[in-house]
Amino acid sequence: MNASQMQPLTTKELEYISDSISNEEMLLKLTAAASAVSQNAEIQNAIISQMRTHEQHINQLIQSVSQHQPLAPTQAH
């Protein structure tokens, strides 16, 4: 979808994306902590894979907001 077809994000959508980023960051921290204490290489590899997935989710969410940024209303001071 190109910028001319996109609509500005609603406040509710922005809040949802913000909450999703926070949740993904929390999951990333938890998986990093689990990886640090894991003694099993296979489990550690699985956890690292999950960490990458959470990082990708964060990046996708940020990219979504960035794509809509030009559509955001501006506030006059």
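## His-68 and the end of H2

His-68 is buried, its relative accessible area being 17%, which falls under the 20% cut-off for that class. The model is a predicted one. His-68 belongs to helix H2, and its side chain comes to 2.9 Å from the backbone oxygen of Ser-64. Leaving out residues up to four places away in sequence, His-68 touches Met-6, Gln-7 and Leu-9.

The segment after H2 holds Pro-70 and also Ala-72. Pro-70 is exposed, at 66% relative accessibility, while Ala-72 is partly exposed, at 41%. Both residues can be placed relative to Pro-8. Between Pro-70 and Pro-8 the C-alpha distance is 8.6 Å, across 62 residues of sequence. Between Ala-72 and Pro-8 the C-alpha distance is 5.7 Å, across 64 residues of the chain.

## Overall make-up

The protein contains two helices and zero strands. Of its 77 residues, 19% are buried. Its accessible surface is about 6200 Å², and carbon and sulfur atoms account for 53% of that area.

Contacts in the protein can also be sorted by sequence separation. Taking those between residues at least 6 apart in sequence, 63% join residues at least 24 apart.

## Helix H1

H1 covers residues 11–37. At 1.5 Å a residue, its 27 residues should span 39 Å, and the end C-alpha atoms lie 40 Å apart, so the two values agree. The buried residues of this helix are Ile-17, Ser-20, Ile-21, Glu-24, Leu-28, Thr-31 and Ser-35. They pack against H2.

Glu-13 is also a residue of H1. With a relative accessibility of 36%, Glu-13 is classed as partly exposed, because that class lies between the 20% and 50% limits. A polar atom of the Glu-13 side chain lies 2.7 Å from the backbone nitrogen of Thr-10. Glu-13 can be located relative to Val-65 as well: the two are 52 residues apart in sequence, with a C-alpha separation of 9.8 Å.

## Helix H2

H2 runs over residues 41–68. It has 28 residues and measures 41 Å from its first C-alpha to its last, close to the 40 Å expected at 1.5 Å a residue. At the start of H2, a side-chain oxygen of Asn-40 comes within 2.8 Å of the backbone nitrogen of Glu-42.

The buried residues of H2 are Ile-47, Met-51, His-54, Ile-58, Leu-61 and His-68. These pack against H1, just as the buried residues of H1 pack against H2.

## His-54 and Glu-24

His-54 lies in H2 and is buried, with a relative accessible area of 10%. Its side chain makes a polar contact of 2.6 Å with the side chain of Glu-24. Glu-24 is itself among the buried residues of H1, so this polar contact joins two residues that each have under 20% relative accessible area.

Setting aside neighbours within four places in sequence, His-54 is in contact with Glu-24, Leu-27, Leu-28 and Thr-31. Glu-24, Leu-28 and Thr-31 are listed among the buried residues of H1. Leu-27, by comparison, is partly exposed.

## A nonpolar surface patch

Leu-27 is a residue of H1, with a relative accessibility of 33% that makes it partly exposed. Patch members must have over 30% relative accessible area, and the 33% of Leu-27 meets that requirement. Leu-27 forms a nonpolar patch on the surface together with Met-26 and Leu-30. The accessible area of these residues together is about 270 Å².

Leu-27 therefore has two roles in this description: it is partly exposed and part of the surface patch, and it is also in contact with the buried His-54.

How values were computed. Residues numbered from 1 in each chain as written. Predicted model: local features only at pLDDT ≥ 70, side-chain atom pairs only at ≥ 80, totals over all residues. Heavy atoms only, no water. Helix = DSSP H or I, 4+ residues; strand = E, 2+ residues; numbered from the N terminus. Buried < 20%, exposed > 50% of the residue type's maximum accessible area, 1.4 Å probe, protein only. Polar contact = N/O pair within 3.5 Å; in protein donor to acceptor, adjacent residues only side chain to side chain. Patch = residues over 30% accessible without salt bridge, like charges linked within 9 Å, V, L, I, M, F, W, Y side chains within 5 Å. Areas by Shrake-Rupley, 256 points an atom, 1.4 Å probe, with all protein chains shown as cover. Salt bridge = Lys/Arg side-chain N within 4 Å of Asp/Glu carboxyl O. Contact = heavy atoms within 4.5 Å. Expected span 1.5 Å × (residues − 1).
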